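Here is a friendly tour of one protein model, written for someone who likes to check geometry for themselves. Have the viewer ready and follow along.

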Amino acid sequence: MVGMLLLAGLKLVDVQAVRRPELSAESAKQRITRLTIPAGRGSIIDRNGAPLAFSVAAKALVANPLQITRDWNDPKVVAATGLDADRRKQQIATGMAQILGGLVDPATLLAQLDSGRGYVVLAPMVDPQAAQRIQDRFPEIVAEDRESRQYPAGPVAANVVGVATWSADEHKLRGRVGLESSENDVLAGSDGYRIVDTAEGSDAVIPGSQRAARPATPGSDVQLTLDSDLQYTVQRDLSDYVGRTGSKDGSAAVLDAATGEVLALASTDTFDPGDLAKATPAQLGDPAITTPFEPGSVNKVVTMAAAIEYGLDTPATVVTVPPSLRVADTVIHDAWPHGTLHLTLTGVLAKSSNIGTLLTARKVGPERFSQMLARFGLGQPTGIGLPGESAGRVPPRSQWSGTTFANLPIGQGLSMTVLQLADMYQAIANDGVRVPPRIIEATVGPDGVRHPQPRPAGVRVVSPRTAQTVRRMLEAVTQDAPGQRGTGPSAAIPGFPVAGKTGTAQQVDPRCGCYAARTYWVTFAGMLPADHPRFVVSIMLDAPSDGSEAGQTAAPLFHAIASYLAQRENIPASTAPQPVARLTVP
């Protein structure tokens, strides 16, 4: 016994003296807990302050099915309550379903409670008041703090705004697509923390035990250049027109002509962020910036701008247009059969003559034409700041063949997005200065201080005189005078001068790798009002199947969008008769 007492004494000396610092530190580690203070996520708002995405407090209702089974199968509990674990789980499932309405299915809840797991999430996002009612009735249910992301506009601008969902690993909302993803660091803010002591075997904080703390810094709000009312109208009109023409889908963009601010950016392939389970992967993208297409005749503005800029032609220059034109090993025709025509340069553009455009492009030459494509921003991303933006494609000058220069001036053999198309026409609307489009107007910090985003520097594409001349030529596209009819009179708005261009481009048939005979991209790009442009609108329809005029041009859709803009913005109507440009000469 003396030996044993001696050993015990030595052990006490070792524990209380020799190893005391080490054991005290280990004990402290078991008590000290770092509690995260989550930062509130910032909102996304439109240019007028209307919310497109914001967060509200929510609760996740979780449970420990193993613990429920052990507790409610205890004979003493069964005798006292008359319930066993199975009946209690049924009671919980039914009661939660009653309180939460259609948010949960009682059968699904019961299956989770019967899972035999140590942790299940019964309802991921619940209103805090409803969560408290459930906890009061069923103490076995635990409520965890969460944020619920709300999208009050539903599918309006959903491809731009994107979606954020709860990340269990980070214990906060995480942007998945769109601006919610690309601006996640700005919106998320910085979490804070508290270092406290907790009771042994429990998460209960010991009062007065806080050792250190740092408050959370809420995320900043992101204000967009989008106008949600205009966005809604453009999405609605685009969807209606796509349905009428039997198109696969379509996209449209509206820019401020002077600043390049994106006022609307719409696609028909969209989704509802509030019902993410029904969205397909394709719908989560933004085709208006990610999906390029061959533009067709809307690209002829490049040739015309180059011819005017370099002093090669004037709008009244007469171009003799033969019935066909051989370029390298390709024979080019116009969209309508004709004999030899005499068109003014304005007539070449307004009647969309492929042959006349190529004859003019020959004067410009491939080198200057290639440089003009680059000035208009083609083949390069706009830098709008949205994820997944495509640069489109312009073949490198070193790879051009004879047939390449037979395609590019008429809008085949290169590709662009509907945003790039609007950007190109914005340069003509803005007296020759292309301002790269932007969609983020400012960020607003948690302190309420607004931080405007820097405006991109403009790129001089052509001189002001050239831009004004080309605008007048584009007005002729919408005229409908006897014998002097352009290709887009259905875009015209009585009392408002409209400048624009129609386009039709053949799509590639994947079966042969050649251009399909009857499958097209249909495009339109225009500006309103033509004399002092305020808005630029671009439209693309993918493979319309309707053989009527609506299926062959997007001009009527431009008319609808531009009419809405003219009325909403109170643009003064003109009482002067619209000038009629000479398109053909004897």
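What follows is a short briefing, grouped by topic.

Please keep in mind that this is a predicted model. The notes begin with a five-stranded open sheet, move on to strand 18 and its partners, and then take in a helix, a pocket and a few backbone details.

**The open sheet and its helix**

- Five strands make up an open sheet, in the order 12-11-25-24-23, and their pairing is antiparallel.
- Strand 12 (262-267) and strand 23 (499-509) are the edge strands; each has a single partner strand, so one side of each has no neighbour in the sheet.
- From one strand to the next, the twist averages 10°.
- Strand 11 (residues 249-256) is joined to strand 12 by five bridges, with the two running antiparallel; one place to look is Val254, whose bridge partner in strand 12 is Ala264.
- Helix 11 (residues 228-245) lies across strand 11, strand 12 and strand 25 (535-542), and it runs at about 30° to strand 12.

**Leu263, a residue of strand 12**

- Leu263 sits in strand 12, and is it buried or exposed? Its relative accessibility is 7%, so Leu263 counts as buried.
- Leu263 and Leu226 are 37 residues apart along the chain, yet their C-alpha atoms are separated by 4.3 Å.
- Leaving aside residues up to four places away in sequence, Leu263 touches ten residues in the list Arg47, Thr225, Leu226, Asp227, Leu230, Gln231, Val254, Leu255, Asp256 and Phe535.

**Strand 18 and its two partners**

- Five of the five residues of strand 18 (residues 440-444) are buried, so this strand is largely enclosed by the rest of the structure.
- Strand 10 (residues 221-224) runs antiparallel to strand 18 and is joined to it by four bridges.
- Three bridges join strand 18 to strand 19 (residues 450-452), again in an antiparallel arrangement.
- Val444 is a handy residue to click on: it is the bridge partner of Asp221, and its own bridge partner in strand 19 is Arg450.
- Strand 18 and strand 19 form a hairpin with five residues between the strands, where Gly448 takes a positive phi near 85°.

**Helix 19 and what covers it**

- How far apart are the end C-alpha atoms of helix 19 (residues 464-475)? They are 17 Å apart, which agrees with the 16 Å that its 12 residues should span at 1.5 Å a residue.
- The buried residues of helix 19 are Thr466, Ala467, Thr469, Val470, Arg471, Met473, Leu474 and Glu475.
- Their cover includes helix 13 (300-309), helix 14 (345-350), helix 18 (418-429), strand 23 and strand 24 (514-528).

**The largest pocket**

- The largest pocket holds about 1,100 Å³ of space.
- Its lining has 38 residues, and those nearest its centre are Ser297, Ala335, Gly503, Thr504 and Tyr520.
- Strand 15 (330-333), strand 23, strand 24 and helix 20 (549-552) are the elements that give two or more residues to this lining.

**Strand 15 and its hairpin**

- Strand 14 (residues 324-327) and strand 15 run antiparallel and are joined by four bridges, with Val331 in strand 15 as the bridge partner of Arg326.
- These two strands form a hairpin with two residues between them, and Ala328 in the turn has a positive phi of about 55°.

**A loop residue to compare**

- Thr291 lies in the loop between helix 12 (287-290) and helix 13; at 40% relative accessibility, Thr291 counts as partly exposed.
- Thr291 is 127 residues from Val418 in sequence, with 8.4 Å between their C-alpha atoms.
- Beyond residues up to four places away in sequence, Thr291 touches Met416 and Thr417.

**Backbone geometry worth a look**

- Most residues other than glycine have a negative phi, and most peptide bonds are trans.
- Ala157 is not a glycine but has a positive phi of about 65°; it is found in the loop between strand 5 (142-150) and helix 8 (158-161), and it is buried, with a relative accessible area of 3%.
- Ala543, in the loop between strand 25 and helix 20, has a positive phi near 55° and counts as buried at 11% relative accessibility.
- The peptide bond from Leu528 to Pro529 is cis, with omega near -20°, and Pro529 is found in the loop between strand 24 and strand 25.

Conventions:
Residues numbered from 1 in each chain as written. Predicted model: local features only at pLDDT ≥ 70, side-chain atom pairs only at ≥ 80, totals over all residues. Heavy atoms only, no water. Buried < 20%, exposed > 50% of the residue type's maximum accessible area, 1.4 Å probe, protein only. Pairing = 2+ DSSP bridges. Axes fitted to C-alpha atoms, helices over the stretch in contact; angles between N-to-C directions. Contact = heavy atoms within 4.5 Å. Expected span 1.5 Å × (residues − 1). 1 Å grid on protein atoms, 1.4 Å probe; cavity = no way out; pocket = protein on both sides within 12 Å on 5 of 7 lines; lining within 4 Å. Points joined across faces, edges and corners; volume = space filled by probe spheres on them.
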